[in-house]
Amino acid sequence: MQDEYRTVAHAGVHETEVNRSRFLCALAPAATEQEAQEFIAEVRKRHADATHNCWAYVIGADASVQKASDDGEPGGTAGVPMLQMLLRRDMRYAVAVVTRYYGGVKLGAGGLIRAYGGAVGEALDTLGTLTRRRFRLATVTVDHQRAGKIQNDLRATGREVRDVRYGEAVTIEIGLPDADVDAFRSWLADATAGTAAFELGGEAYGDA
């Protein structure tokens, strides 16, 4: 698994103009391929009168799904440069749709490649990106007396407290970078005089 990846901070649109052609790049985070396709369909509907609605998306922390479409532009001049820009910027779980309104001046293959790839790059710069880092889910079970202090200590050291459940004991779910697991285990044993239980769970990604 990738240790970290970047994704689109939030959905948005950035417009550029090249030789009187308007290029509107709509970007959005997409957790699944279906979400990406729904976003594409929504943009195409909104710009049904456009000359072209070209798109590209990358799904999976390891970029396992990569798809692109030129939507009628000469082969390899739109969707592929868009996809390459997403990959060059280490973008994952992201979809881009570039809508072109033709302005009467032909751009040629090189011009199209630069315009479509550039529209995605500029949109990423303008709308911003997030880094998400891989971590291990872990559960700390501690008695009620110590629970408040442990939670405060966790937050004070920047640990991500994901959930807290109160029962006979208090169960605190946290996220830890893999490299910190051993040090955290030692710290917890010291902080609770060895009374806390610590259990490692699966892996997930969170904001870095």
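Author: Contact means heavy atoms within 4.5 Å. The model is predicted: local features need pLDDT of at least 70, side-chain atom pairs count only at pLDDT 80 or more, and totals for chains, interfaces and linings use all residues. Residues are numbered from 1 along each chain as its sequence is written, and side-chain values use heavy atoms, with hydrogens and water left out.

Reader: In what order do the five strands form the open sheet?

Author: Helices (H or I, at least four residues) and strands (E, at least two) are DSSP runs numbered from the N terminus, and two strands pair if DSSP finds at least two bridges between them. The pairing in this open sheet is antiparallel. Neighbouring strands are turned against each other by 15 degrees on average, direction ignored. The five strands follow the order S2-S3-S6-S4-S5.

Reader: Which strands stand at the edges?

Author: An edge strand here has a single partner strand, so one of its sides is left without a neighbour in the sheet. S2 pairs with S3 (residues 21-29) in the antiparallel sense over seven bridges, and His-14 stands opposite Cys-25 in S3. S4 and S5 are likewise antiparallel, over five bridges, with Val-58 opposite Gln-66 in S5. The strands at the edges are S2 (12-18) and S5 (65-69).

Reader: Which residue in the turn of the S4 and S5 hairpin has a positive phi?

Author: The hairpin formed by S4 and S5 has five residues between its strands. The positive phi in this turn is about 100 degrees, and the residue that has it is Gly-60.

Reader: At about how many degrees does helix H2 run to S4?

Author: Axes are lines fitted to C-alpha atoms, for helices over the stretch in contact, and angles run from 0 to 180 degrees between N-to-C directions. Helix H3 (residues 108-127) packs on the sheet, touching S2, S3, S4 and S6, and its direction makes about 50 degrees with that of S3. Helix H2 (residues 79-88) lies across S4 (52-59), S5 and S6 (94-101). The angle of H2 to S4 is about 35 degrees.

Reader: Is Phe-39 buried or exposed?

Author: Phe-39 lies in helix H1. Leaving aside neighbours within four places in sequence, its contacts are with Ala-26, Leu-27, Ala-28, Val-95 and Val-97. Buried means under 20% relative accessible area, exposed over 50% and partly exposed in between (1.4 Å probe, protein chains only). Phe-39 has 13% relative accessibility and therefore counts as buried.

Reader: At what relative accessibility does Ala-31 count as partly exposed?

Author: Ala-31 is found in the loop between S3 and helix H1 (33-46). Beyond its neighbours within four places in sequence, Ala-31 is in contact with Ile-59 and Tyr-93. Its C-alpha atom is separated by 16 Å from that of Gly-12, 19 residues apart along the chain. Ala-31 counts as partly exposed because its relative accessibility is 47%.

Reader: How far apart are the axes of helices H4 and H5?

Author: Helix H4 (residues 144-156) and helix H5 (residues 181-191) pack at an angle of about 145 degrees. The contact is made by Arg-146, Ile-150, Asp-153 and Leu-154 of H4 and by Phe-184, Trp-187, Leu-188 and Ala-191 of H5. The axes of the two helices are separated by 11 Å.
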